[in-house]
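Biologist: I would like to go through this model with you. Could we begin with the ligand and then turn to the domains?

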Amino acid sequence: SKKAVVIGAGIAGIASAIRLAVKGYTVEVFEANGTAGGKLGEVQQSNFRFDAGPSLLTLPQYIDELFELAGKEPSRYFKYQKLDVICKYFYEDGTKLTAYADKDKFEEEMAAHIGEPVTSTEKQITKSRQIYELTNPVFLQKPFGGLKSFFTKDGFKALLNIKKLDAGRTMHRANQSLFKDARMIQFYDRYATYNGSNPYAAPATLNVIPHLEQHYGAYFPTEGMYSIITALVKLATELGIKFRYKSPVESILLTGSKATGIKVNGEEITADVVISNMDIWFTYKKLLKDQPRLHPQKVLQQERSSSALVFYWGINKKSQKLELHNIFFSADYKAEFDHIWQQKTIYHDPTVYVNITSKLKHRDAPPDCENWFVMINVPANAGQDWDTLITEARKNILAKLSTRLNENIGKLIISETVLDPRDIETNTSSYQGSIYGTSSNSKYAAFMRHANQSAKIKNLYFCGGSVHPGGGIPLCLLSAKIVSELVG
Ligand code: FAD
């Protein structure tokens, strides 16, 4: 049979491997680290377990699909539950808001706590759904190259100008036109951060994101996010896929303009198909560094998405006030994003996200304790003085949480690990530690990610958060689907 090699065991690399194995390919996956998952990793810290990166699961059907393709029953490998409470929000003015999955309940909550009329949310829901219906079939589910067969470049731009796609103004402007209350605008602006973008710059097309969460739902894997990876690796292994850990690929081998294999640990491995799950920037700059004429300069110069600063805290108490997902908003969202994107630093009052998997998976923390994953959005790594910024941010985060929760949180921390943009960059070869590849901070950026197939090198394909259609688990899984269709 034909042989495929996959560079990287991130979620998209594993999904691509599974899809090709189902097609009859012999597949080998080469992973630089000792474990699979990439950004979707796990942290063990004394008696606490944490999911290292992603914490919010949407569209789990794209995971199920992989088991179904292989003729297996998904729930025998991977279990998840739908959340009734998607997220709890704390505003600096003292407002608390619970985002219920149930639409009517959520609208009641908003009317009661914020006073925004239900008609505004109804309008938002309709808009968000319309954008989804327009973009999903032609954009998310299709290869970028494929779009060219649908549209000429000008036609494509015309598509972007369709009023319903709302690409002509920013997310923030669109939300301003829908909602009267600043707290509601902030609530909907936050969805820009789901792909590491800035709501004051990203096109309102990204207002499609709330539809995915509010209409299709938010989920929690019963065994935590990392169980996505263990389940998929189990399936892959059953399909005969070989995983080679601690195997950093050094280069992609070319014969003329054809990819013919890879070089890893000094050894040359030939293959009919090469799929890179490595960040597109490093794929060119490291694995194809001797071929600068093949580098797509424009794509490589694109602005990167934001990064993250995460504190994994073992907390020696159980909080009655928190849910699985919690957001503590900054008082001045505009100033926070200006600090991230213009000044490339951390604002003194950042929006703080707290995720506590032990609320649902009790074994993730010892009895009477909780595992707090505390994250803020930060700029991509451009050589900032992170150590100083982190010390400052930690102090500000603790002060904020302590005030809002009316308790000295610092005193409850009994163990701690920190993840910053430098770690993300080195641990997973993600350029500048950005967590979603390139940003979507301009009208066309979201549509201009690198394609899933090389235009210049035959048999070379790309998957993962840095290429089309984008970052985040569902889109990474779609990139794998597109790759398998392109491979043929
Ligand atoms: P990556 O996870 O980037 O993995 C790439 C793999 O390739 C790595 O294992 C790396 O070691 C390996 N590799 C790289 N170069 C080589 C080489 N030369 N040879 C061998 N191996 C190599 N997404 C969501 O959907 N929901 C969330 O809530 C969410 N929150 C996030 C929070 C944080 C803190 C982070 C960091 C990310 C978050 N994301 C979230 C984004 C999500 O994690 C990513 O979009 C997704 O996991 C990226 O997967 P990927 O397939 O692109 O590969």
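Modeller: Certainly. A polar backbone atom of Ile11 is 3.4 Å from an oxygen atom of the ligand. Please keep in mind that this is a predicted model.

Biologist: Which residues come nearest to the ligand?

Modeller: There are 36 residues around the ligand, and those that come nearest are Glu31, Lys39, Gly465, Gly472 and Ile473.

Biologist: What distance separates Glu31 from a ligand oxygen? And Ile473, what distance there?

Modeller: For Glu31, a polar side-chain atom lies 2.6 Å from an oxygen atom of the ligand. For Ile473, a backbone N or O atom lies 2.8 Å from a ligand oxygen atom.

Biologist: Now the domains. How is the chain divided?

Modeller: Domain 1 is assembled from 3-40, 57-79, 222-302 and 446-487, while domain 2 covers 119-219. Their centres, taken over C-alpha atoms, are separated by 27 Å. In the contact, domain 1 takes part with 19 residues and domain 2 with 17 residues.

Biologist: What area is buried between them?

Modeller: About 1,700 Å² is buried between domain 1 and domain 2, and carbon and sulfur atoms give 71% of that. On the domain 1 side, Leu59, Phe447 and His468 supply 36% of the area buried against domain 2, more than any other three residues.

Biologist: How many salt bridges and polar contacts cross that interface?

Modeller: The rule finds 0 salt bridges across the interface of domain 1 and domain 2. It finds 1 residue pair in polar contact there, both residues being at pLDDT 80 or more.

Biologist: Which elements give two or more residues to the domain 1 side?

Modeller: They are α2 (61-69) and α16 (473-487). The largest share of that side, 6 residues, comes from α16. By class, the side of domain 1 that touches domain 2 has 13 nonpolar, 4 polar and 2 charged residues.

Biologist: And how many salt bridges are there in the whole structure?

Modeller: The search finds 28. One of the pairs is Lys481 with Glu65, whose closest N and O atoms are 3.5 Å apart. Lys481 is in helix α16 and Glu65 in helix α2, so this pair links distant parts of the chain, 416 residues apart.

Biologist: What about Glu133 and Arg129?

Modeller: Their side chains meet in a salt bridge, at 3.7 Å from N to O.

Biologist: Why are those two separated by about one helical turn?

Modeller: Because Glu133 and Arg129 are 4 residues apart in helix α4 (residues 118-140), about one helical turn separates them.

Note on methods:
Residues are numbered from 1 along each chain as its sequence is written. This is a predicted model: local features need pLDDT of at least 70, side-chain atom pairs count only at pLDDT 80 or more; totals for chains, interfaces and linings use all residues. Side-chain values use heavy atoms; hydrogens and water are left out. Domain bounds come from an automatic or database domain assignment. Contact means heavy atoms within 4.5 Å. Buried area is the accessible area (1.4 Å probe) that two parts lose on being put together, summed over both. A salt bridge is a side-chain nitrogen of Lys or Arg within 4 Å of a carboxyl oxygen of Asp or Glu. A polar contact is a pair of N or O atoms within 3.5 Å; within protein, one must be able to donate a hydrogen and the other to accept it, and residues adjacent in sequence count only if both atoms are side-chain atoms. Ala, Val, Leu, Ile, Met, Phe, Trp, Tyr, Cys and Pro count as nonpolar, Asp, Glu, Lys and Arg as charged, and the others, Gly among them, as polar. A residue is near a molecule or strand if one of its heavy atoms lies within 4 Å of it.
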